[in-house]
Amino acid sequence: MISTWSFPNRIIFGCGAIEHLPAAVSGLGARRALVVTDPGVVTCGLLARITDLLGKSGVACAVFDGVKGNPTEASVYPGVEAYRSEHSDSVIALGGGSSLDAAKAIRLKVTHDLPLEEYDDLKNGGDRISADLPPMIAIPTTAGTGSEVGRSTVITLKATGRKTVIFSPHLIPSVAIADPELTFDLPPHLTAATGMDAMTHNLEAYLSIGFHPMCDAIAIKGVEIVARSLPIAIHDGRNAEARTDMMAAAIMGAVAFQKGLGTVHSLAHPLSTVAGMHHGLTNAILLPHVMRFNLPFSRARLADLAAALGADTRGMTADNAAVAAIDAIEKLNNEIGVPKRLRDAGVREQMIPVMVPLAMADGCRLCNPRPTSAEDMEMLYRAAF
Ligand SMILES: [Fe+2]
C-alpha cells in the first residue's frame, strides 16, 4: 500500500512507489531532469528502469553516473557541468547516501557561486544558502543514511581535508520516493553496514543532548525497528516486510538526528577519509565503545534503549539495563557479521594520530552526552582498534 507522508518533506512510501516518479516530476513543474547516480545502479539495470519511466511520461532526462563512495568534489563538479550543458531544470538522485549527497551538492552549486567549503556548517555556511535551488527528487536504493529526508550533505573537500557537512533547510529534497523493493537485491554485507548507519542515527539522536521529545520518540522507535528487522533483511533480502521496516527506520533516523548525533559519527568520518572505510560499518564497530564511554552520563537513556533493543530489563537496576543495551548492540553486530575490530576492516594503528584531530574538528561530537576530548578520541579509537 502506498501512502504519502508530509513530515518533513513529501515522502511517497511503499513497495511499488517508484511508479509514482513521473507524476512527482510533473508535479514539480520539471521537464528536463538530470539523474545523478553511480555505476553500480547502472549495472544492476535500475537506471534503465527510471529513464524508461521518465521517457514514457515525456520527461527528458540526462544522466550523470560518476558518483563515487564517500564523495569528493570529483563527484560534484562534473555533475554541475552536465546539468548546465543539458539545460536541466531539476535533479533526480538515485542510489545510496553518496549519490544523494552528491546530488544535493550539485543542486546547490548550479545556483550558488561560492566554492563548496564556504558552505561548511562549522563556518555557519548554511546562512549563505538561499531557497533558490532547482527541485530535487531523492530515490534511495539503500536503507541507511536517510539523506532523502535530510537537510545536509556530506562531501570530502580538498580545502578542509575532511568530510565536510553542509547544512541548510533548503537542501532537503523536494520529494522522496522510498520504495523498499529497490533494496531487495542489496547484498547482505551492504544491508548490514547501511542498516547499522540507520541504527546509529536513531541511537545517537536518542542519546544526544538537547530537548526534543518528538525526535526522541521517533529515535527510540527507530532503534526498535532496526533491532527487529535488520537481521531478517540480511538473511532474507526479498522479505518485503523487513525491507519496508528498514526503509522506514532509515528515514526515522535522519528525521531524528535533526536533534543531533554524537561521538560515534565524529570518530567515523575520519575512518572514511583516512582509511576508506564504509561509513555504516565504522559506526557499527564504534557504537558499543562509545555507548560504554557515555554510560556514566546517559544511564537512564541507555536503559530505555535496552528495552527497545529487545532486552528483558524487568527488575534490573538502571546500570545493569544500560549495560544490557551495550550487550544487545554487540550481539546484533555479531549476528549480522560486523567485524569486531577496526584492524579487521583494514585500519592501521599509525592512522590513529592522524584521525584524532579530524575527529575533534567534526561537529557531531558537540551533541554527545559526554564531552569528548582529544585524549578520549584516541582512547576510543584504540579501544575499537
Ligand atoms: Fe551516518
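Leu-157 makes four contacts beyond its sequence neighbours within four places: Glu-73, Leu-116, Glu-117 and Thr-164. This is a predicted model. Leu-157 sits in strand S7, residues 152-157. Because 19 other C-beta atoms lie within 10 Å, and 20 would be needed for burial, Leu-157 is partly exposed. Its C-alpha atom is 35 Å from that of Leu-53, at a separation of 104 residues along the chain.

**Domains and their contact**

The protein divides into domain 1, residues 3-182, and domain 2, residues 188-384. Their centres, taken over C-alpha atoms, are 26 Å apart. Across the boundary, 23 residues of domain 1 contact 26 residues of domain 2. On the domain 1 side, strand S8 (residues 162-167) gives the largest share, three residues. That side has nine nonpolar, nine polar and five charged residues.

**The nonpolar core**

In soluble globular proteins, nonpolar side chains tend to be buried together. Here the largest nonpolar core has 127 residues. Ile-177, Val-223, Ala-306 and Ala-325 have the most contacts inside this core. Where does the core lie relative to domain 1 and domain 2? Both domains give residues to the core, so it lies between them.

Ala-325 shows what such a position looks like. Apart from residues up to four places away in sequence, Ala-325 touches Met-291, Leu-302, Leu-305, Ala-306, Leu-309 and Ala-311. One of these partners, Ala-306, is itself among the residues with the most contacts inside the core.

**Two helices**

Helix H7 covers residues 213-235. Its 23 residues should span 33 Å at 1.5 Å a residue, and the end C-alpha atoms are 34 Å apart, so the two values agree. H7 nevertheless bends by about 35° at Ser-229. A proline, Pro-231, follows within four residues of the bend.

Helix H8 covers residues 240-256. Its 17 residues should span 24 Å at 1.5 Å a residue, and the end C-alpha atoms are 24 Å apart, which agrees. Is H8 buried or exposed? Of its 17 residues, 15 are buried, so H8 is largely enclosed by the rest of the structure.

**Loop residues**

The loop between helix H5 (97-109) and strand S6 (136-140) holds Ser-130. Lys-123 is in the loop between H5 and S6, and Asn-124 is found there too. His-87 lies in the loop between helix H4 (77-85) and strand S5 (90-95). The table gives the surroundings of these residues.

| Residue | C-beta neighbours within 10 Å | Class |
|---|---|---|
| His-87 | 11 | exposed |
| Lys-123 | 13 | partly exposed |
| Asn-124 | 10 | exposed |
| Ser-130 | 11 | exposed |

Lys-123 misses the exposed class because it has 13 neighbours, where the limit is 12 or fewer. Lys-123 and Ile-166 are 43 residues apart in sequence, with 9.6 Å between their C-alpha atoms. Ser-130 and Leu-116 are 14 residues apart along the chain, and their C-alpha atoms are separated by 14 Å. Leu-116 is also one of the contacts of Leu-157.

Most residues other than glycine have a negative phi. Which values do His-87 and Asn-124 have? The phi of His-87 is positive, about 50°, although His-87 is not a glycine. Asn-124 likewise has a positive phi, near 55°.

Key: Residues are numbered from 1 along each chain as its sequence is written. This is a predicted model: local features need pLDDT of at least 70, side-chain atom pairs count only at pLDDT 80 or more; totals for chains, interfaces and linings use all residues. Helices (H or I, at least four residues) and strands (E, at least two) are DSSP runs, numbered from the N terminus. The expected span of a helix is 1.5 Å times one less than its number of residues. The bend at a residue is the angle between axes fitted to the seven residues ending there and the seven starting there. Domain bounds come from an automatic or database domain assignment. Two residues are in contact if their C-beta atoms, placed from the backbone, lie within 7 Å. Ala, Val, Leu, Ile, Met, Phe, Trp, Tyr, Cys and Pro count as nonpolar, Asp, Glu, Lys and Arg as charged, and the others, Gly among them, as polar. A nonpolar core is a set of buried Ala, Val, Leu, Ile, Met, Phe, Trp, Tyr and Cys residues joined through C-beta atoms within 7 Å.
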